[in-house]
Amino acid sequence: MNLPFKIDLSGEVAVVTGGTGVIGGMYAKALAACGAKVAVLGRSKENGDKVVSEIEKDGGEAMAVSANVLDRDSLLASRKEILDKWGHINILVNCAGGAVKAAQVPQDHFHEAEEGAETFFTKDLENVHKELDLNIYGTMLPTQVFGEVLVGQDNANIINISSMSAYHPLTRIPGYSAGKAGVASFTEWCAIYFAKSGIRVNAVAPGFFHTTQNHALQFNEDGTPTPRAKHIVDATPMEKFGDPEDLVGALLYLVSPKGSNFVTGVILPVDGAFHIFQGV
Ligand SMILES: NC(=O)c1ccc[n+]([C@@H]2O[C@H](COP(=O)([O-])OP(=O)(O)OC[C@H]3O[C@@H](n4cnc5c(N)ncnc54)[C@H](OP(=O)(O)O)[C@@H]3O)[C@@H](O)[C@H]2O)c1
């Protein structure tokens with residue numbers, strides 16, 4: 001893969017949850033290209049194996065592990081598998097997460113709802129519950145399981161994935177917004193809690209990218225952009241969507257002891273200035 005710059009992670013071992021996804025897969029490849037051994041964690045081992053074979057094709061070392069970030073026993077089993085093979089773990093990237101489509105509220109503002117339409121009031125909050133679980137609990141539980149073995153390791157790092165919705169809630173996705181605000185808060189909490197134990201804890205907050213997770217919000221079925229996609233570009237001072245590869249430099253900076261040794265508790269936006277822009 002094309003790296004924006006290279007850091008030396010040889011001898012290091014990273015676990016990437018959601019390593020089978022768009023951002024997680026890219027992060028797994030980037031860490032491997034810098035010399036780390038990478039465990040690609042997702043529920044589907046088959047999807048993990050695909051990422052592993054791409055890493056191996058590029059000369060890197062990786063293994064696919066199947067685990068559910070909401071299930072402690074499966075995480076403990078994957079931790080054992082990784083430790084048995086590579087002996088230690090010093091980097092955890094919590095990439096598993098995302099929005100649950102059925103949790104979306106269909107309009108930006110209540111007064112826009114047509115009579116009889118689904119609104120926030122008629123929403124089944126069970127789906128919001130799933131979304132909060134996946135993003136918050138799905139970050140906390142791997143942090144508990146893998147964080148325990150990060151203690152005492154050189155260059156011990158946890159990187160979480162937050163979102164623009166953590167700074168200001170985005171319309172239509174109250175559960176996801178609350179979930180990612182929770183991830184940001186937990187990142188800061190962990191940074192303080194682990195500060196003297198040598199584990200740095202930071203997060204990347206991606207702006208807007210065209211990925212599978214947000215495709216339906218950004219494109220109509222005929223492939224034309226939705227009004228929401230136009231609002232996003234208008235609200236981004238750099239006036240464009242990001243390229244997912246723009247997220248790699250932020251990760252490499254945060255896991256590099258030379259680059260960010262005194263940096264912990266940071267939620268690093270990669271967003272073309274979306275999160276600070278008020279429109280005037
Ligand atoms: N895409 C964006 O523009 C964007 C913007 C801001 C933030 N983010 C955040 O960035 C992260 C990655 O996003 P993405 O676009 O790469 O998502 P993605 O392509 O949907 O990947 C998410 C991955 O998480 C894994 N996963 C889901 N539930 C899991 C579970 N219970 N246990 C273990 N693994 C699970 C899935 O793999 P399996 O199906 O194999 O389990 C999937 O491959 C997410 O936290 C997302 O919220 C994305």
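## Getting started

In this report, a residue is called buried when its relative accessible area is under 20%, exposed when that value is over 50%, and partly exposed in between, using a 1.4 Å probe and protein chains only. By that yardstick, Asn 155 is buried, because its relative accessibility is 16%.

You're looking at a predicted model, so local features need a pLDDT of at least 70 and side-chain atom pairs count only at pLDDT 80 or more, while totals for chains, interfaces and linings use all residues. Residues are numbered from 1 along each chain as its sequence is written, and side-chain values use heavy atoms, with hydrogens and water left out.

## Around the ligand

Let's begin with the ligand. It is surrounded by 27 residues (each has a heavy atom within 4 Å of the ligand). The closest are Thr 20, Ile 23, Arg 43, Tyr 176 and Thr 211. Sorted by class, that shell holds 11 nonpolar, 14 polar and two charged residues. Here Ala, Val, Leu, Ile, Met, Phe, Trp, Tyr, Cys and Pro count as nonpolar, Asp, Glu, Lys and Arg as charged, and the others, Gly among them, as polar. Helices α1 (22-33) and α5 (174-193) each give the shell at least two residues. Helices (H or I, at least four residues) and strands (E, at least two) are DSSP runs, numbered from the N terminus.

Some atom pairs are worth finding on screen. A ligand oxygen sits 3.0 Å from a backbone N or O atom of Gly 21, and a ligand oxygen is 3.3 Å from a polar backbone atom of Cys 95. On the side-chain front, an N or O atom of Asn 68 lies 2.8 Å from a nitrogen of the ligand. How much of the ligand's own accessible area does the protein cover? The protein covers 89% of the 880 Å² that the ligand has on its own, with areas from the Shrake-Rupley method and a 1.4 Å probe; for residues, only the protein chains shown count as cover.

## The nonpolar core

A nonpolar core is a set of buried Ala, Val, Leu, Ile, Met, Phe, Trp, Tyr and Cys residues joined through side-chain atoms within 4.5 Å. The largest one here has 35 residues, and those with the most contacts inside it are Leu 9, Tyr 27, Leu 31, Val 38, Val 93, Val 204 and Val 255. Elements that each supply at least two of its residues include β1 (13-17), β2 (37-42), α2 (45-57), β3 (61-66) and β4 (91-94). Helix α8 (246-255) is on that list too, and α8 makes the largest share, with seven residues.

Tyr 27 belongs to helix α1 and counts as buried because its relative accessibility is 0%. Its C-alpha atom is 8.8 Å from that of Cys 95, although the two are 68 residues apart along the chain.

## Cysteines without partners

How many disulfides does the whole structure have? A search turns up zero, where a disulfide would be a pair of cysteine sulfur atoms within 2.5 Å. For Cys 34, the nearest cysteine sulfur belongs to Cys 95 and is 15 Å away. Cys 34 is buried, at 3% relative accessibility.

Why does Cys 190 have no bond to its closest cysteine? The sulfur of Cys 190 is 16 Å from the closest cysteine sulfur, in Cys 95, so the gap is too far for a bond. Cys 190 is buried as well, with a relative accessible area of 1%.

## Two positive phi angles

Most residues other than glycine have a negative phi. Asn 155 has a positive one, near 45°, and sits in the loop between α4 (125-150) and β5. Glu 239 also has a positive phi, near 55°, in the loop between α7 (227-234) and α8. Buried or exposed is the question for Glu 239: it counts as exposed because its relative accessible area is 62%.

## A few more residues

Gln 218, in helix α6 (residues 215-218), is buried at 2% relative accessibility. Its side chain makes a 2.9 Å polar contact with that of His 210. A polar contact is a pair of N or O atoms within 3.5 Å; within protein, one must be able to donate a hydrogen and the other to accept it, and residues adjacent in sequence count only if both atoms are side-chain atoms.

Ser 53 lies in helix α2 and is partly exposed, at 36%. Its side chain reaches the backbone oxygen of Lys 50 at 3.1 Å.
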